[in-house]
Amino acid sequence: MSESKTSESKIQGQLIGSVNGLEEGGKGLRFDVQNVEGETVPAFVVNFDYQYFAYLNKCGHIAVQLDYMPGEFFGDDGQTLICATHGAEYAPDTGACLGGPCYGVGLEPLTIAEQDGQLFLMHQGYSVVASN
Ligand code: FES
């Protein structure tokens with residue numbers, strides 16, 4: 001039997017998790033990555049404008065995680081990612097600092113890809129440790 005068109009070429013990446021539950025402008029998916037130094041670093045994926053974007057979960061102001069409640073990255077309007085500590089705002093599609101105390105320092109993006117409802121990390125220098 002033939003398979004769907006999207007599964008003809010499999011992505012060569014590390015599985016982060018499913019897109020299920022990742023609603024546009026809604027709660028993000030948290031996961032951990034390991035960098036080349038062997039450090040475990042928190043990261044997350046959000047759905048913005050029906051595309052998926054991943055970043056290290058580290059504010060440009062102080063190296064703390066953005067979400068006060070796990071997975072809550074978006075502001076009320078669903079248009080910006082907001083650090084819960086002092087309110088720095090970031091563009092969901094680029095990670096750029098838009099305002100607040102990030103002072104031009106954006107989020108560090110991670111390259112990901114989606115295939116058949118699964119998200120994969122494609123970023124050199126990081127490996128997926130766990131989803132949480
Ligand atoms: S630690 Fe994120 S805005 Fe200050």
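This is a short dialogue on reading a predicted model.

Me: Under which conditions do features count in this predicted model?

Reply: Because the model is predicted, local features need pLDDT of at least 70 and side-chain atom pairs count only at pLDDT 80 or more, while totals for chains, interfaces and linings use all residues. Numbering starts from 1 along each chain, following the sequence as written. The score pLDDT is the predictor's confidence in each residue, from 0 to 100. In the protein, pLDDT averages 92, and 92% of the residues score at least 70.

Me: Where does pLDDT stay under 50?

Reply: It does so over residues 1-7. A contact means that the C-beta atoms of two residues, placed from the backbone, lie within 7 Å. For residues 1-7 the model has four contacts beyond four places in sequence.

Me: How many helices and strands does the protein have?

Reply: Helices (H or I, at least four residues) and strands (E, at least two) are DSSP runs, numbered from the N terminus. The protein has zero helices and 11 strands. On overall dimensions, the radius of gyration is taken over C-alpha atoms, and the globule rule is 2.2 Å times the number of residues to the power 0.38. The radius of gyration of the protein is 15 Å, close to the 14 Å that the rule gives for 132 residues, so the protein is as compact as a globular protein of that length. Along the principal axes, its C-alpha atoms fill a box of roughly 55 × 35 × 25 Å. Of the contacts with a separation of 6 or more, 52% join residues 24 or more positions apart.

Me: What share of the residues is buried?

Reply: A residue is buried if 20 or more other C-beta atoms lie within 10 Å of its own, exposed if 12 or fewer, and partly exposed in between, with C-beta atoms placed from the backbone. Buried residues make up 29% of the 132 residues.

Me: Which residues have the most contacts inside the largest nonpolar core?

Reply: A nonpolar core is a set of buried Ala, Val, Leu, Ile, Met, Phe, Trp, Tyr and Cys residues joined through C-beta atoms within 7 Å. The largest one here has 31 residues, and those with the most contacts inside it are Ala43, Phe44, Val45, Val46, Ala54, Tyr55 and Leu110. At least two residues of this core come from each of S2 (29-35), S3 (40-48), S4 (51-56), S5 (81-82), S10 (118-121) and S11 (126-131). The largest share, five residues, is supplied by S3.

Me: Is Val45 buried or exposed?

Reply: Val45, which lies in strand S3, is buried, with 24 other C-beta atoms within 10 Å. Not counting residues up to four places away in sequence, Val45 touches several residues, including Ile16, Leu22, Phe53, Ala54, Ile112 and Leu119. Val46, leaving aside neighbours within four places in sequence, is in contact with Gly28, Phe53, Phe73, Phe74, Leu81 and Pro92.

Me: How many bridges join S2 to S3?

Reply: Two strands pair if DSSP finds at least two bridges between them. Six bridges join S2 to S3, and the two run antiparallel. One bridge partner pair is Gln34 with Thr40 in S3. The two strands form a hairpin with four residues between them, and Gly38 in the turn has a positive phi of about 85°.

Me: Which residues other than glycine have a positive phi?

Reply: Most residues other than glycine have a negative phi, and most peptide bonds are trans. Among those with a positive value, Tyr50 has a phi near 65° and Tyr103 a phi near 50°. Tyr50 is in the loop between S3 and S4 and is exposed, with 8 other C-beta atoms within 10 Å. Tyr103 is in the loop between S7 and S8 (109-110) and is also exposed, with 10 other C-beta atoms within 10 Å.

Me: In what order do the strands of the open sheets run?

Reply: One open sheet of three strands has the order S5-S6-S7, with antiparallel pairing. S5 and S7 (97-99) stand at the edges, each with a single partner strand, so one side of each is left without a neighbour in the sheet. Two bridges join S5 to S6 (residues 89-90), and Ile82 stands opposite Glu89 in S6. Another open sheet of three strands has the order S1-S10-S9, and its pairing is antiparallel. There, S1 (14-18) and S9 (112-115) are at the edges. Four bridges join S1 to S10, with Leu15 opposite Phe120 in S10.
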